[in-house]
Amino acid sequence: MSDTRIAFIGAGNMAASLIGGLRAQGLDAKQIRASDPGAETRSRVQAEHGIEVFEDNAQAITEADVIVLAVKPQVMKAVCQSLQPSLRDGQLIVSIAAGITCVSLQDWLGARPVVRCMPNTPSLLRQGASGLYATAEVSPAQREQAEQLLSAVGTALWLDQEQQLDAVTAVSGSGPAYFFLLIEAMTAAGEKLGLPRETASKLTLQTALGAAHMAVASDVDAAELRRRVTSPAGTTEAAIKSFQGNAFEAIVEQALQAAATRSAELAEQLGK
């Protein structure tokens with residue numbers, strides 16, 4: 001990425017996170033441009049990262065090697081169609097918009113190399129998880145550019161099939177909300193058991209953080225970690241049996257299936 005020129009179309013939170021990650025990795029501000037219709041957004045991104053900003057999308061992509069589409073899915077079609085006349089051959093298109101398929105993007109932009117990504121909100125803290133899919137037109141060098149771009153804000157994993165992005169959406173795209181829901185429930189339960197709400201909240205948050213760190217650092221899977229902390233006839237076993245007796249695994253599976261199904265439905269609706 002040392003000589004790659006990147007243009008962001010849309011400079012909202014996710015784009016700003018990617019820009020910040022790239023700058024933290026040593027990419028020169030002169031290599032990055034961004035466009036956004038909001039004057040306040042442009043001013044903030046320029047002040048925070050020292051990059052050149054534009055109101056006009058066509059100006060932003062001049063000389064860009066990589067163009068990152070970071071606009072809302074609902075306006076993607078209009079943005080792409082207005083951008084298409086200003087594109088030149090060889091530019092890589094990276095979309096981080098949920099629900100917009102590569103076929104739709106190529107219909108609106110022409111048969112260009114496209115990488116479609118599904119990042120998640122922890123990317124704002126550079127702790128994200130992203131799935132990436134590349135069309136056949138994407139070269140090995142461009143795949144590396146896209147991977148380095150998303151790796152600037154966390155883990156980036158390649159997918160063999162575009163439809164797997166629906167599963168990525170269900171697992172990691174929507175996933176933070178599931179953990180937030182569990183944190184809510186544990187905090188409320190702790191309060192009902194007699195803890196002050198602030199104490200229950202702090203204990204729950206630190207436990208979630210610690211468990212995640214243990215899982216990431218461990219050389220065994222989560223099931224084995226669970227077994228290791230579950231003593232026979234102990235308190236943890238009592239809780240686990242309650243979870244499983246209420247079909248915990250089935251509830252999780254059904255929830256993720258619902259998210260994946262909705263992801264596919266949105267792709268159908270937004271791609272028209």
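Let's start with charge: the chain carries 22 positive and 29 negative charges, and their mean positions sit 4 Å apart. Keep in mind that this is a predicted model.

As for overall build, the chain holds twelve helices and eight strands. Its C-alpha trace spans about 70 × 35 × 35 Å along the principal axes. Of the 272 residues in the chain, 40% are buried. About 15000 Å² of the chain is exposed, with carbon and sulfur atoms supplying 55% of that area. How about contacts along the sequence: what share of those between residues at least 6 apart joins residues at least 24 apart? That share is 62%.

Now to the N-terminal part. Strand 1, residues 6–9, pairs with strand 2, residues 32–35, in the parallel sense, and four bridges link the two. Ile6 faces Ile32 across this pairing, the latter being in strand 2. Between the two strands comes helix 1 (residues 13–24), and the three elements form a right-handed β-α-β unit.

Strand 2 also pairs with strand 3 (residues 52–54), again in the parallel sense, this time over three bridges. Here Ser35 is opposite Phe54 of strand 3. To get from strand 2 to strand 3 the chain runs through helix 2, residues 39–49, in a β-α-β crossover that is right-handed.

Further along, helix 7 (residues 164–173) is worth a look. Which of its residues are buried? They are Leu165, Asp166, Val168, Thr169, Ala170 and Ser172, so the list takes in Asp166 as well as Leu165 and Val168, given that buried means under 20% relative accessible area. These buried residues of helix 7 pack against two strands, strand 6 (114–118) and strand 7 (128–134), and against two helices, helix 8 (175–192) and helix 12 (248–270).

Finally, a couple of backbone oddities. Arg126 has a positive phi without being a glycine, and so does Ala247. Here they are side by side:

| Residue | Phi | Loop | Relative accessible area |
|---|---|---|---|
| Arg126 | near 60° | between strand 6 and strand 7 | 41% |
| Ala247 | about 60° | between helix 11 (235–245) and helix 12 | 35% |

Are these two buried, exposed or in between? Arg126 is partly exposed, and Ala247 is partly exposed too. The loop with Arg126 joins strand 6 and strand 7, both of which meet the buried residues of helix 7. The Ala247 loop, for its part, leads from helix 11 to helix 12, and helix 12 is another of the packing partners of helix 7.

Conventions. Residues are numbered from 1 along each chain as its sequence is written. This is a predicted model: local features need pLDDT of at least 70, side-chain atom pairs count only at pLDDT 80 or more; totals for chains, interfaces and linings use all residues. Side-chain values use heavy atoms; hydrogens and water are left out. Two strands pair if DSSP finds at least two bridges between them. A crossover is right-handed if, with the strands pointing away from the viewer, the path from the first strand over the helix to the second runs clockwise. Buried means under 20% relative accessible area, exposed over 50%, partly exposed in between (1.4 Å probe, protein chains only). Contact means heavy atoms within 4.5 Å. Accessible areas come from the Shrake-Rupley method with a 1.4 Å probe; for residues, only the protein chains shown count as cover. Lys and Arg count as positive and Asp and Glu as negative; His and the chain ends are not counted. The place of a charge is taken as NZ of Lys, CZ of Arg, CG of Asp or CD of Glu.
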